[in-house]
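This report describes selected features of the structure shown below. Strand pairing comes first, followed by backbone angles and helix packing.

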Amino acid sequence: MNVLTVSQVNTYVKALIEESVPLRKIYICGEISNFKLYYSSGHMYFTLKDENSQLKSVMFSSYASRLKFMPENGMRVICSGRISVYEKNGEYQLYADDMQPDGIGALNLAYEQLKEKLFAEGVCDAAVKKTLPAYPRKIGVVTSNIGAAVEDIKNITKRRYPLAEIVIVPTIVQGDKAASDIVRSLEILDNCNGVDVIIVGRGGGSIEDLWAFNTEKVARAVIACRTPVVSAVGHETDYTICDFVSDMRAPTPSAAAELVCPDINSLSNEINALKIKLCNIMNNIVESNMQRITDLRESTILSDYGSVIDSFKKNLEDYRQRLFNLLINKTEKKQDMLAALSGKLNALSPLSVLSRGYSITRNSEGIVKSARQLTENDNITLVLRDGKAECRVKEVYNNE
């Protein structure tokens, strides 16, 4: 008896299965269940099933990262890959290297999934859209520097609003590197001093050609822009994720330039119309004031201005006379008061007393008020009304 180990059996069965040519590249249709994505590794584990059977499956990160959509439970898909045995538990399973939705393209499914996600977040709502500047000074353009799109934008801007400056960042807009390059260009222009609005887009093409504008990284870059963004991708019937998250969608790059740039001819006409309107308003004001002046000239007061002036003169003379009378009365009262005060002052004046025959006696110590201040032979001075006399006391008499 040839006894084998479990590992030997599993290895043998694995070798048999892997040697089967039909199982090396197989396409299997089924419904996804038990789907698990391990974010740390990026590997996907799931089960494919139909009405009667199920098959365990795995898609490693190197293949899973290429998918344009996110698999979900209940989704019908077509997987390609190989059948092999996982020796550790002895189960055979599908090692998938690609997956496509059954009945809808992978790109279309990825488009719808991302669109639904962004709308659910509210980043596509009109309330969060930024307003485009009325008169942009600098217009940033994210597109290829060759081709019809960039030429259309330059020509229309030059024709409609030559005052604006165009800042073009040459960008890859198709292929695997396009999404990252679009994000880079948006960041450059958003941080460029003076750029008022950004146009991002390209000409028409297939869904594969336009796919960079349907990626989440481009959508997030547009949302993050502080500068208003106009999306102009493809032809009029083409709608991309970039269209939904931008502040305004233009059906074509040419239409984007027309949306961003005001028509300088229309502006000139508006300015001329405003100029005429302003002149008319000023003329009306002048004519109205002239009529008022004429009416004032013809009014009774101004037509008989002589009598008005005479009336003012009479009133002025009356006021002058009243003021003069008040001044005379005031002066007379002050003079009377001064005379009364002068009389009182004169009555109290020593000179007035002297004029009545009195005199003032002084000695070396001052005014003599008492006979006791004098002694015989004292020298004294007599102050009279009109002079003085030097005297000597011969004898002093004291009244008892």
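How many residues lie between E1 and E2 in the hairpin that they form? There are 6 residues between the two strands, and Gly42 in the turn has a positive phi of about 85 degrees. The model is a predicted one.

**The barrel**

The hairpin strands belong to a barrel that 5 strands close in the order E1-E2-E3-E5-E4, with mixed pairing. From one strand to the next, the twist averages 55 degrees. Strands of a sheet pair through backbone hydrogen bonds, in a parallel or an antiparallel sense. The table lists some of the pairings in this barrel, including one pair of facing residues for each.

| Strands | Sense | Bridges | Facing residues |
|---|---|---|---|
| E1 (residues 26-37) and E4 | antiparallel | 6 bridges | Cys29 and Ile78 |
| E1 and E2 (residues 44-49) | antiparallel | 5 bridges | Glu31 and Lys49 |
| E4 (residues 76-86) and E5 (residues 91-101) | antiparallel | 10 bridges | Val85 and Tyr92 |

Strand E1 thus appears in two of these rows: E1 is joined to E4 by 6 bridges and to E2 by 5 bridges. Strand E4 also pairs with E5, over 10 bridges. Helix H1, residues 6-19, lies across E4 and E5 and runs at about 135 degrees to E4.

**Positive phi outside glycine**

Which residue of strand E1 has a positive phi? Asn34 has a phi of about 55 degrees although it is not a glycine, and its place is in E1. With a relative accessible area of 55%, Asn34 is exposed, because the cut-off for that term is over 50%.

Asn377 is another residue other than glycine with a positive phi, here near 75 degrees. Asn377 lies in a loop, between strand E12 (366-367) and strand E13 (379-384).

**Packing of H6 and H7**

Two packed helices are described by the angle between their axes and the distance between the axes. For helix H6 (residues 178-190) and helix H7 (residues 216-224), the angle is about 10 degrees and the axes are 9 Å apart. H6 and H7 are therefore roughly parallel to each other, since that term covers angles under 35 degrees.

On the H6 side, the contact is made by Ala179, Ser180, Ile182, Val183, Leu186 and Asp190. H7 contributes Lys217, Val218, Ala221, Val222 and Ala224. The contact residues divide into 8 nonpolar, 1 polar and 2 charged.

Conventions
Residues are numbered from 1 along each chain as its sequence is written. This is a predicted model: local features need pLDDT of at least 70, side-chain atom pairs count only at pLDDT 80 or more; totals for chains, interfaces and linings use all residues. Side-chain values use heavy atoms; hydrogens and water are left out. Two strands pair if DSSP finds at least two bridges between them. Helices (H or I, at least four residues) and strands (E, at least two) are DSSP runs, numbered from the N terminus. Axes are lines fitted to C-alpha atoms, for helices over the stretch in contact, and angles run from 0 to 180 degrees between N-to-C directions. Contact means heavy atoms within 4.5 Å. Buried means under 20% relative accessible area, exposed over 50%, partly exposed in between (1.4 Å probe, protein chains only). Angles under 35 degrees count as roughly parallel, over 145 as roughly antiparallel, 65 to 115 as roughly perpendicular and the rest as oblique. Ala, Val, Leu, Ile, Met, Phe, Trp, Tyr, Cys and Pro count as nonpolar, Asp, Glu, Lys and Arg as charged, and the others, Gly among them, as polar.
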